Amino acid sequence: MRYFLCSSLVISSALVGLVVSGCKEGDKSKMQMPAMPPAAVSVTAALAQDVPLYLDEIGRTTATESVTIQPQVTGKVMEVQFTDGAMVKKGDLLFAIDPRPFQATLDQMLAAEAQDSATLEWTKSEFGRFEGLKNTGAVSATDLGTKKNALAVAQAKLKADHAAVEKAKLDLEYCAIRSPIDGRAGHRLVDPGNVVGTSGPDGGTRLLSVQRVTPIYVDFTVTEQDLQLVRKNMTGGKLKVKAWIPSEAIEMREGELTFLDNAVQNGSGTVMLRATMKNEDGHFWPGQFVQVRLILSTLKDAVLVPSQAAQIGQTGPYLLVVKEDSTAEIRAVTLGQRQGDLVVVSKGVIAGERVITVGQMMVMPGAKVQVMDSPAGATTNQAVAEGSVSK
């Protein structure tokens, strides 16, 4: 019996020892657990710079002048004096219509004019002779009146001849069809040998279209909610407009706003605007869809950060700012317009503060961070200065 009690005591002591030993070993391993290292992040400094306030829209290019060439006389096409798609100047010969029938008509009119001119001279002399005898009683008043009337008829007939000669000259001139504007020719719709005319459902035979593409118009619309903002900024002078082909965003071209429509369009609730671009190299083509940026004004000393620094939380956008002691702080911010790879921060951060651009997911607010070299921080002034496009 005594032996049993002693054995129980020994076993209990051993168990207590194991528990105590286990607790000590657990505490020891917990104390020796390594701390989490600072999160590695890339940062860039917020900068202050003047940036444009703008509206981005979709537009379409339009030729500044567009002419459909049609004949003004009926005849056979003898020559085509241009190449399809070529640039033509005002006054360049495009088509030649057979001039021989019109030359013959002109010669006929000139002959009739010469004949009637001679008749007029004879009628003048006859009237002068009769008028000299009216007080002698040798001629009656009726004969004098007849000669006076013949003179008036001869004068009117010669005037009609003059008009007929001018009409014949004009028809002969119309045989040479010339470009009325500087522009680019389309493809010809008739070939030599075809007879063209001035009658038909469209008023005559269509020969060619010529469009002026230098300069070129860019038409676009803004909503009526933005109309007042546009009108307000137009009072300071002409507004700048930038346009680019969506597939060639780096090729931004600049022009001026030259037209604002006088009414909001029914149904769409938009108003049409037009910009004029130089387009000397023919970069834009009539009928092309383009991206349009209407520059309304300039924001002075706006704070900019890389767009990848901005994060969205449950309460809205925020940035992670690295303080002087290398700890991260979360800042609620108010974001403005994109400016290339940057975005305007209108509230929450000041110029010079460092914001995290890469590694935000590993950062705990208030915890230390390790700042790494940040190539992303290089995207600063150049993106804004060049007016890079947001995608």
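**Cores, sheets and a ring pair**

Guide: In this predicted model, the largest nonpolar core has 21 residues, and those touching the most other members are Phe220, Val230, Val241, Leu273 and Leu294.

Visitor: Which elements give two or more residues to this core?

Guide: Those are β9 (208-223), α4 (224-234), β10 (240-244), β12 (270-277) and β13 (289-306).

Visitor: And what is Phe220 in contact with, leaving aside its neighbours within four places in sequence?

Guide: Quite a list. From the earlier part of the numbering come Glu57, Ile58 and Gly59. Then there are Val241, Leu257, Val271, Met272, Leu273, Ala275, Val292 and Leu294.

Visitor: Gly59 has me curious. What stands opposite Gly59 in β9?

Guide: Phe220 does. That fits the strand pairing: β2 and β9 run antiparallel and are joined by ten bridges.

Visitor: How many bridges are there between β2 and β13?

Guide: 13, again in the antiparallel sense, with β2 covering residues 47-69. One spot to look at is Pro52, which stands opposite Thr298 in β13.

Visitor: Switching to side chains: which residue lies over the face of Tyr54?

Guide: Arg293, at 3.9 Å from the ring centre.

Visitor: OK, and aromatic pairs, how many?

Guide: The count comes to one aromatic pair. Phe82 and Phe95 make it, in an edge-to-face arrangement with 5.4 Å centre to centre and 75° between the planes.

Visitor: Where in the chain are Phe82 and Phe95?

Guide: Phe82 is in the loop between β3 (75-80) and β4 (87-88), while Phe95 is in strand β5 (residues 93-97). They are 13 residues apart, and the pair links distant parts of the chain.

Visitor: Are Phe82 and Phe95 buried or exposed?

Guide: Both Phe82 and Phe95 are buried. They also belong to another core, which lies apart from the largest one and has 18 residues, including Val73 and Ile177.

Visitor: β5 came up there. Which open sheet has β5 in it, and in what order do the strands run?

Guide: A four-stranded one, in the order β6-β5-β3-β8, with antiparallel pairing. Its edge strands, each pairing on one side only, are β6 (176-178) and β8 (195-196).

Visitor: How many bridges join β3 to β8?

Guide: Two, and the strands run antiparallel. If you want a place to click, Gly75 stands opposite Val196 in β8.

Visitor: Now the helix. What should α3 span, and what does the model give?

Guide: Helix α3 (residues 141-174) has 34 residues, so at 1.5 Å a residue it should span 50 Å. The C-alpha atoms at its ends are 50 Å apart, which agrees.

Visitor: Which residues in α3 are buried?

Guide: Leu144, Leu151, Ala154, Leu158, Asp161, Val165, Ala168 and Asp171.

Visitor: Many of those numbers sit three or four places apart. Why would that matter in a helix?

Guide: An α-helix has 3.6 residues a turn, so residues three or four places apart point the same way.

Visitor: Then what covers the buried residues of α3?

Guide: The cover includes α2 (100-132).

Visitor: Last topic: which strand pairs with β1?

Guide: That's β19 (residues 354-358), which pairs with β1 (residues 39-45) in the antiparallel sense over four bridges. Within that pairing, Val43 stands opposite Ile356.

Visitor: And how does β15 pair with β19?

Guide: Strand β15 (residues 316-322) and β19 pair in the antiparallel sense, over two bridges. The bridge partner of Val322 in β19 is Arg354.

Definitions and conventions: Residues numbered from 1 in each chain as written. Predicted model: local features only at pLDDT ≥ 70, side-chain atom pairs only at ≥ 80, totals over all residues. Heavy atoms only, no water. Phe/Tyr/Trp six-rings, centres within 6.5 Å; stacked < 30°, edge-to-face > 60°. Buried < 20%, exposed > 50% of the residue type's maximum accessible area, 1.4 Å probe, protein only. Lys NZ or Arg CZ within 6 Å of the ring centre and 35° of its normal. Expected span 1.5 Å × (residues − 1). Contact = heavy atoms within 4.5 Å. Core = buried A, V, L, I, M, F, W, Y, C linked by side-chain atoms within 4.5 Å. Pairing = 2+ DSSP bridges.
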